[in-house]
There are 4 protein chains.
Amino acid sequence: MTNTQLSLVQIDNYGPWTVTPEPRREMDLQTLQSRLFADLAQFVGSRNGYVFFTRFDNMVAVTNGLDDADHELLQDSIGNRYPVTISLGVGVDPSPIEALESGTAGLQTAGSAQDGDRREVLSGSTLSDAERAGEDVQIAHFDVNDATGKYTDRLNEFDSFIQIEQGYATLMRYLREEDDALSFFVGGDNIISVCPAMTEGDYRDAIRHVSEEAGVELKVGVGTGATAHDAGFAAKHALEVCREDGTDVEFDRPHAELAD
Amino acid sequence: MTNTQLSLVQIDNYGPWTVTPEPRREMDLQTLQSRLFADLAQFVGSRNGYVFFTRFDNMVAVTNGLDDADHELLQDSIGNRYPVTISLGVGVDPSPIEALESGTAGLQTAGSAQDGDRREVLSGSTLSDAERAGEDVQIAHFDVNDATGKYTDRLNEFDSFIQIEQGYATLMRYLREEDDALSFFVGGDNIISVCPAMTEGDYRDAIRHVSEEAGVELKVGVGTGATAHDAGFAAKHALEVCREDGTDVEFDRPHAELAD
Amino acid sequence: MTNTQLSLVQIDNYGPWTVTPEPRREMDLQTLQSRLFADLAQFVGSRNGYVFFTRFDNMVAVTNGLDDADHELLQDSIGNRYPVTISLGVGVDPSPIEALESGTAGLQTAGSAQDGDRREVLSGSTLSDAERAGEDVQIAHFDVNDATGKYTDRLNEFDSFIQIEQGYATLMRYLREEDDALSFFVGGDNIISVCPAMTEGDYRDAIRHVSEEAGVELKVGVGTGATAHDAGFAAKHALEVCREDGTDVEFDRPHAELAD
Amino acid sequence: MTNTQLSLVQIDNYGPWTVTPEPRREMDLQTLQSRLFADLAQFVGSRNGYVFFTRFDNMVAVTNGLDDADHELLQDSIGNRYPVTISLGVGVDPSPIEALESGTAGLQTAGSAQDGDRREVLSGSTLSDAERAGEDVQIAHFDVNDATGKYTDRLNEFDSFIQIEQGYATLMRYLREEDDALSFFVGGDNIISVCPAMTEGDYRDAIRHVSEEAGVELKVGVGTGATAHDAGFAAKHALEVCREDGTDVEFDRPHAELAD
Ligand SMILES: Nc1nc2c(ncn2[C@@H]2O[C@H](COP(=O)(O)OP(=O)(O)OP(=O)(O)O)[C@@H](O)[C@H]2O)c(=O)[nH]1
Ligand SMILES: Nc1nc2c(ncn2[C@@H]2O[C@H](COP(=O)(O)OP(=O)(O)OP(=O)(O)O)[C@@H](O)[C@H]2O)c(=O)[nH]1
Ligand SMILES: Nc1nc2c(ncn2[C@@H]2O[C@H](COP(=O)(O)OP(=O)(O)OP(=O)(O)O)[C@@H](O)[C@H]2O)c(=O)[nH]1
Ligand SMILES: Nc1nc2c(ncn2[C@@H]2O[C@H](COP(=O)(O)OP(=O)(O)OP(=O)(O)O)[C@@H](O)[C@H]2O)c(=O)[nH]1
Ligand SMILES: [Ca+2]
Ligand SMILES: [Ca+2]
Ligand SMILES: [Ca+2]
Ligand SMILES: [Ca+2]
């Protein structure tokens with residue numbers, strides 16, 4: 001069984017800031033947002049977590065392995081270096097969506113995202129070492145088959161992007177509804193999903209659904225571990241097995257379905 | 001009439017690089033990608049262009065105002081500071097999709113995106129000063145009505161994100177098919193579209209379509225200018241007029257429909 | 001004759017900020033300072049200027065080729081992305097030290113560096129295109145002979161650094177007093193000097209002085225151009241000639257002394 | 001007694017890289033160097049270490065609290081994101097200069113800094129948790145008295161800088177020779193020294209020496225801790241006590257001299 005620790009990262013009162021005293025240059029906002037994300041990726045990633053840019057003003061991180069002090073330090077360090085501050089809401093649950101639900105609720109209870117007085121909230125609490133286990137995180141790394149040959153080298157970039165995007169939109173909705181998993185586009189033709197303990201059949205169904213509804217052919221590597229990086233790195237290696245063997249779904253280890 | 005200059009930015013042979021000699025840490029890839037984008041946003045943005053992250057390995061820039069030497073310098077500078085290099089394909093056309101089509105074709109002709117020998121291609125050519133005009137670029141800045149109250153403060157972050165994402169997926173497809181416009185999600189609840197000369201009615205139709213199909217309520221500010229920044233800044237100010245007056249579509253100046 | 005345009009970049013009210021409400025983590029300050037410098041290096045550098053980190057809270061830029069609008073944009077963009085703002089003081093003079101004197105005076109007149117009310121000052125004015133000439137900037141690029149063999153591979157890093165540092169301290173003082181030139185350490189074993197029109201003999205004297213007083217052996221490439229990059233790039237190529245021919249002083253072109 | 005763990009960070013074969021295939025744009029090198037330093041500052045700093053830019057191609061880090069795995073991860077992550085790689089040499093000793101001597105020797109034994117085949121060396125070993133103690137690191141944070149009033153607001157920036165620089169050059173040499181301490185300029189008017197267990201009298205002597213030789217008036221806060229950040233943060237607070245009480249030397253706790 002998984003036990004995912006998710007942290008919602010929310011820029012405090014960002015909307016009003018972007019237009020005060022008048023609208024700010026869009027490319028400065030884009031720079032700010034993507035560098036803030038890069039800093040989170042380094043901080044969280046070097047502690048074996050994952051973070052996804054999501055909407056940039058709200059980002060979702062898998063933080064198994066990071067404790068309360070890490071969260072405080074992150075918040076403090078961003079506050080020292082950016083013109084904006086961040087609030088952090090932590091939640092833990094076997095189901096990723098429930099974990100995020102509780103992480104989000106922690107911030108919502110403290111006030112609105114656009115409440116000028118609500119700054120640097122840190123809500124929820126992290127897993128103690130004793131509560132952590134080697135199967136806490138399951139990561140699925142999806143990838144489009146031959147995206148280069150089918151799209152990048154043939155269509156104009158926007159039409160390639162539409163294909164990838166519609167594949168992503170379909171997968172994210174399906175996995176959310178069927179499996180309570182959270183899926184994030186990570187660039188190129190890659191989607192990473194934070195999943196509960198799912199079976200090979202579940203993944204096969206998801207791939208079939210995306211193929212039928214959006215016409216996009218996916219393969220997926222699945223990994224399990226104590227942290228997002230452990231699980232995600234195993235998933236990447238499993239994905240390489242898909243590539244070598246021409247298979248669709250590969251797990252990094254004897255998995256749930258076999259155990260059934 | 002618009003005359004959009006678009007530059008496709010493509011990381012050379014990126015797919016193979018990400019798994020050589022073995023898969024690289026995902027958070028390092030995320031950092032690399034988002035910082036590369038941030039650097040492009042600063043370079044292009046400080047010359048009054050816009051760049052969108054799109055798939056991160058392929059990015060789309062509106063480069064009216066940047067000449068060939070600017071493109072060369074950008075390519076050179078990235079090559080000096082990153083472990084990867086970029087190719088650039090420039091296209092110019094009254095229709096944004098045609099401009100991108102030709103920019104993309106320039107790179108495709110030179111070889112595959114995953115061709116190890118194809119590096120730092122610079123194809124196509126930029127507008128001379130004499131060819132440029134004050135109406136070359138039309139930018140529409142879309143924004144979700146009360147995203148904070150309806151989504152951010154009420155749903156868990158993933159479900160908020162799904163709403164925004166489905167709104168974006170619907171809009172991008174619609175504007176591509178109906179109007180040859182290119183729409184990019186820029187974070188938060190904002191979508192920026194690079195448009196040909198469109199009318200107020202065209203924008204109204206798009207907003208209605210997204211409302212009906214995805215249930216997401218948008219407003220839009222539209223601006224026109226010699227550069228993406230000029231047009232986009234005017235669009236942002238027009239969007240503020242939407243906010244103040246409670247309207248759906250605002251242009252920065254007497255526009256096409258009136259002229260009809 | 002040279003005509004150097006120098007811009008002093010000063011972080012507004014930085015001292016008090018670093019200890020408010022209590023001292024900030026030093027590594028966050030270091031990160032902030034070095035990234036701010038990197039952003040200036042990209043902005044100024046991609047417009048063919050040079051910027052030196054100097055004290056980090058006060059930086060000196062050679063900005064021939066950048067106009068008033070460039071300076072405003074830079075100030076605006078930093079203000080959009082950092083928790084601190086910058087003031088800019090521009091000065092122009094055949095003598096680099098006089099140019100900096102006038103750039104500094106512009107800010108000093110506006111108030112103290114630690115005056116909480118003095119923000120985003122932009123003083124002085126830039127050269128018009130008509131006033132600019134191909135010999136406006138002279139850059140000397142100094143480099144220690146065989147620093148790797150004599151220091152890096154033999155001494156502990158601090159003792160290597162002391163050698164380089166004492167060489168730099170000696171050179172900076174000498175060139176300031178004798179020639180009104182401004183010298184900046186740029187990392188490794190390299191020093192870049194912004195010079196008035198100096199002769200081969202002047203450079204020889206400087207090298208001899210540093211050798212005698214600090215025991216550090218230098219070579220130097222000297223370049224002249226309309227911008228810092230043009231002059232500096234020529235200086236780098238001249239330095240390569242020193243390396244190949246085993247000479248001490250090389251100019252990129254028939255120079256002053258010959259003309260005497 | 002202190003027990004400082006120092007890590008030498010050396011860019012592999014950097015000199016040749018900067019001029020291959022021909023000299024690279026100086027501002028790109030400056031950007032690369034300062035961003036690399038910023039990334040180290042975040043990685044090391046968020047683990048409570050300190051890093052100093054020193055020569056940028058060789059940087060010195062105080063890494064008490066970082067283990068071998070942290071060093072490997074850092075090396076790996078830089079290799080994934082930069083066009084250059086780094087070698088790391090770790091040394092531990094009660095005397096900072098001895099620790100650095102041994103860290104440097106580890107790399108020197110593995111080959112020259114400009115040996116094209118010597119890449120990503122990781123030499124030496126880190127303190128185990130059992131070996132660590134609360135007094136392992138002593139940090140002195142020096143600051144110039146009224147630098148704003150005496151220099152910044154009165155002299156041109158280069159002459160201000162010369163004052164600060166000569167003060168630094170004097171202090172670094174003195175503390176190296178008298179006390180085996182390593183001193184680094186960290187911007188503004190600040191110098192941070194990594195010290196063995198020194199007494200109040202030792203610091204007083206250093207301040208007097210700098211005043212007499214360079215005419216620069218310093219105050220200093222001294223802190224001790226298990227990590228550089230713990231020690232350095234205590235030093236900063238002690239420095240605030242100097243400011244409030246008008247004193248020259250303040251320790252964060254009952255210190256050596258009292259104990260004598
Ligand atoms: N974020 C991320 N993106 C990746 C990774 N690997 C590849 N990509 C992206 O995926 C794009 C396409 O690369 P590939 O998936 O190797 O190419 P392909 O043509 O689809 O070929 P196959 O997947 O082997 O069928 C690259 O340009 C990258 O943007 C990864 O590990 N992480
Ligand atoms: N990229 C970008 N994002 C913006 C901009 N302005 C706002 N946002 C984003 O939009 C989010 C929501 O802010 P608003 O649109 O002001 O808030 P809202 O609740 O939707 O309110 P109304 O739009 O006024 O109805 C913010 O958190 C930002 O992420 C902008 O100019 N550019
Ligand atoms: N900022 C900057 N630093 C450089 C440049 N070229 C070299 N360096 C630095 O100088 C250091 C030493 O490199 P070299 O000068 O090539 O080596 P050397 O051993 O002194 O050899 P010679 O100078 O050829 O005698 C490198 O590690 C870099 O840090 C440059 O163009 N700009
Ligand atoms: N790196 C670093 N620099 C600092 C810190 N505090 C101040 N500075 C720098 O020091 C400069 C001068 O600030 P202060 O030392 O506060 O000003 P001062 O005029 O010397 O006044 P007193 O030191 O109070 O006499 C600032 O611009 C900063 O660059 C710090 O904690 N770390
Ligand atoms: Ca693929
Ligand atoms: Ca909105
Ligand atoms: Ca040298
Ligand atoms: Ca001071």
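**Chatting through a predicted model**

Me: Quick one to start: what is the relative accessible area of Ser211(B)?
Reply: It's 23%, so Ser211(B) is partly exposed. Buried means under 20% relative accessible area, exposed means over 50%, and partly exposed is in between, with a 1.4 Å probe and protein chains only.

Me: Before I go on, what kind of model is this?
Reply: This is a predicted model, where local features need pLDDT of at least 70 and side-chain atom pairs count only at pLDDT 80 or more, while totals for chains, interfaces and linings use all residues. Residues are numbered from 1 along each chain as its sequence is written, chains are lettered from A and ligands numbered from 1 in the order in which they are written, and side-chain values use heavy atoms, with hydrogens and water left out.

Me: Cool. Where is Ser211(B) found?
Reply: In helix H7 of chain B, residues 200–214. Helices (H or I, at least four residues) and strands (E, at least two) are DSSP runs, numbered from the N terminus.

Me: And which residues is Ser211(B) in contact with, leaving aside neighbours within four places in sequence?
Reply: Val216(B) and Glu217(B). Contact means heavy atoms within 4.5 Å. Also, Gly167(B) is 44 residues from Ser211(B) in sequence, and their C-alpha atoms are 8.1 Å apart in space.

Me: Switching to metals. What are the protein donors of the calcium ion (ligand 5)?
Reply: Asp143(A) (OD) is listed twice, along with Val144(A) (O) and Asp189(A) (OD), at 2.2 to 2.9 Å from the ion. Donors are N, O and S atoms within 2.8 Å of the metal (3.2 Å for Na, K and Ca), and water is not among the atoms, so sites may look incomplete.

Me: How are those donor residues spaced in sequence?
Reply: The pattern is D-V-x44-D. Val144(A) lies in strand E6 (residues 137–144) of chain A, and Asp189(A) in the loop between strand E7 (182–185) and strand E8 (190–195), so the pair ties together parts that are 45 residues apart in sequence.

Me: Are they buried or exposed?
Reply: Val144(A) is buried at 4% relative accessible area, and Asp189(A) counts as buried at 13%.

Me: What about the calcium ion (ligand 7), what coordinates that?
Reply: Asp143(C) (OD), again listed twice, plus Val144(C) (O) and Asp189(C) (OD), at 2.2 to 2.9 Å. Asp143(C) and Val144(C) are buried.

Me: New topic: how many residues of chain B are in contact with chain A?
Reply: 78 residues of chain B, meeting 77 residues of chain A. The area buried between them is about 6400 Å², with 57% from carbon and sulfur atoms. Buried area is the accessible area (1.4 Å probe) that two parts lose on being put together, summed over both.

Me: And how many salt bridges between chain B and chain A?
Reply: Eight. A salt bridge is a side-chain nitrogen of Lys or Arg within 4 Å of a carboxyl oxygen of Asp or Glu. Arg35(A) forms one with Asp39(B), with the closest N and O atoms 3.5 Å apart. Helix H2 (residues 26–45) of chain B gives the most to the side of chain B that touches chain A, with 15 residues.

Me: Last thing: by what turn can chain B be laid on chain C?
Reply: A turn of 180° and a shift of 0.0 Å along the axis, with an RMSD of 0.0 Å. The two copies are thus related as by a two-fold rotation axis. In chain B, the C-alpha nearest the axis belongs to Phe43(B), 3.7 Å from it. Copies are superposed by least squares on the C-alpha atoms of residues with pLDDT of at least 70 in both.
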